[in-house]
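Student: I'm new to this one and a bit lost. Could you take me through the place where the ligands sit, slowly, and then show me how its surroundings fit in?

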Amino acid sequence: MNDAQTVPPKFKILFDTDPGIDDAMALLLALVSPEIEVVGVTTVFGNSHVEATTRNALNLLNLAGRPDIPVAKGADRPMVRPRGQTGEFVHGDDAMGNIGWTAVHNPDQKPLDIPAAQFIVETVMARPGEITLVAVGPLTNVGLALQLEPRIAQAARNVVIMGGSVATPGNVSPVAEANIHNDPHAAALVFGAGWDVTMAGLDVTMAVRMDEAFFAALRRSGNRLAQFIGRIAPFYQQFHRERYGYPDGGVDTHDPTAIAYLIAPTLFRAERWSVAVPLDGPAMGATIADRRGLFWPGPKVNCLMGADAPRVLEMFRVRLTA
Ligand code: BDR
Ligand code: CA
């Protein structure tokens, strides 16, 4: 056997993100995972405005020793609606747990001179069948990319998003999850494009909970990146304690769960349903799944419905502290 037969191909991911504390965890997890090659990062508003999320993306890559990974700045507002409240109340004024990130640390790092949507199109079309889009913020950049070049829906290998919810109450309205609610029009485009979409929504991301014991283990480890996660976690822990009454410093593990699915899909249980997104009204941004499979013939979304939480957490701990 030659190497091509024995070594499974890496996932080449384009990581679309609004960093964000849990986005930072997800990006660092992807960067330390041998199954994954991060070919680029695209930024979007969400946890803060896009200038801040772009600065954070650049600094995270620099921290991880990967300033070479290209970053394209993306949308600062949704495709159709006005921008709603950004997420500093969850992630801190710098969207990084109030650690004082106000500038790009490495002067050699600059965002590309093309917008995120164009970078997505160029990257996907240059490598047909190879690129996995992992989107863990509002889906605006991906929606704009679909409008620019609809053939990316055939050319991308697959799409994994953190967003939505099938059977779990929302986190920004009774029924809606933040990333979908922030740009429901983009989400509707992404779900309807006919590509292979996996939705890591609140059904799994609120079922996997990092807690103070987990973060303490990261802080104790000699690993710099783990220690950084331990440093940005307290603001996020406080938010979860105040908002949801979570005990023991627990937090939802939103964005890293999308990466965990790529690495170890067998730790998740999935159901395939058509998903619709209301574009306004009290249910705006909900992800309604046709769970009887009777009513909507449209493209099916691979909805993650259950996770082996202890094993997912153990995977995070082992990888981040290695
Ligand atoms: C999502 O919203 C953001 O605050 C998080 O980074 C995550 O992507 C959770 O609803
Ligand atoms: Ca995010």
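Tutor: Let's start with some vocabulary: a residue is called buried when its relative accessible area is under 20%, exposed when that value is over 50%, and partly exposed in between. Keep in mind, too, that what you see is a predicted model.

Now to ligand 1. The residues around it are Asp-22, Asp-23, Asn-47, His-91, Val-136, Met-162, Asn-171, Glu-177, Ala-178, Asn-179, His-254 and Asp-255. Let's pick out some polar atoms. Glu-177 has a polar side-chain atom 2.4 Å from an oxygen atom of ligand 1. For Asp-22, a polar side-chain atom sits 2.6 Å from a ligand oxygen. Val-136 takes part through its backbone instead: a polar atom there is 2.9 Å from an oxygen atom of ligand 1. How much of ligand 1 does the protein bury? On its own the ligand exposes 280 Å², and the protein buries 94% of that.

Next comes ligand 2, a calcium ion. Asp-18, Asp-23 and Asp-255 coordinate this ion through OD atoms, with Asp-23 listed twice, while Val-136 gives its O; the distances run from 2.3 to 2.7 Å. Along the sequence, the spacing of these donor residues reads D-x4-D-x112-V-x118-D. Asp-18 belongs to the loop between β1 and α2, and Val-136 to the loop between β4 (131-135) and α6 (140-148), so this pair ties together parts that are 118 residues apart in sequence. Asp-18 counts as buried because its relative accessibility is 1%, and Val-136, also at 1%, counts as buried too.

Look again at the Asp-18 loop. The peptide bond from Pro-19 to Gly-20 is cis, with omega near -5 degrees, and Gly-20 lies in the loop between β1 (11-17) and α2 (21-31). That is worth a second glance, because most peptide bonds are trans.

Follow the chain to Asp-255 and you reach helix α13, residues 254-263. How many of the residues of α13 are buried? The count is 10 of 10. Both His-254 and Asp-255 are among the buried residues of this helix, and both are also on the list around ligand 1.

On the way to that helix there is a backbone oddity. Asp-248, in the loop between α12 (224-244) and β8 (251-252), has a positive phi near 60 degrees. Its relative accessibility is 60%, which means Asp-248 counts as exposed. Asn-98 is another non-glycine residue with a positive phi, about 55 degrees. You'll find Asn-98 in the loop between α4 (88-91) and α5 (116-126). Its relative accessibility is 42%, so by the cut-offs above Asn-98 counts as partly exposed. Why point these angles out? Because most residues other than glycine have a negative phi.

One last stop takes us to the surface. Ile-288, Leu-294, Phe-295 and Trp-296 form a nonpolar patch there, with about 430 Å² of accessible area together. Ile-288 lies in strand β10, residues 288-289, and with 40% relative accessibility Ile-288 counts as partly exposed.

How values were computed. Residues numbered from 1 in each chain as written. Chains lettered and ligands numbered in written order. Predicted model: local features only at pLDDT ≥ 70, side-chain atom pairs only at ≥ 80, totals over all residues. Heavy atoms only, no water. Helix = DSSP H or I, 4+ residues; strand = E, 2+ residues; numbered from the N terminus. Buried < 20%, exposed > 50% of the residue type's maximum accessible area, 1.4 Å probe, protein only. Patch = residues over 30% accessible without salt bridge, like charges linked within 9 Å, V, L, I, M, F, W, Y side chains within 5 Å. Areas by Shrake-Rupley, 256 points an atom, 1.4 Å probe, with all protein chains shown as cover. Salt bridge = Lys/Arg side-chain N within 4 Å of Asp/Glu carboxyl O. Near = heavy atom within 4 Å. Polar contact = N/O pair within 3.5 Å; in protein donor to acceptor, adjacent residues only side chain to side chain. Donors = N, O, S within 2.8 Å, 3.2 Å for Na, K, Ca; no water.
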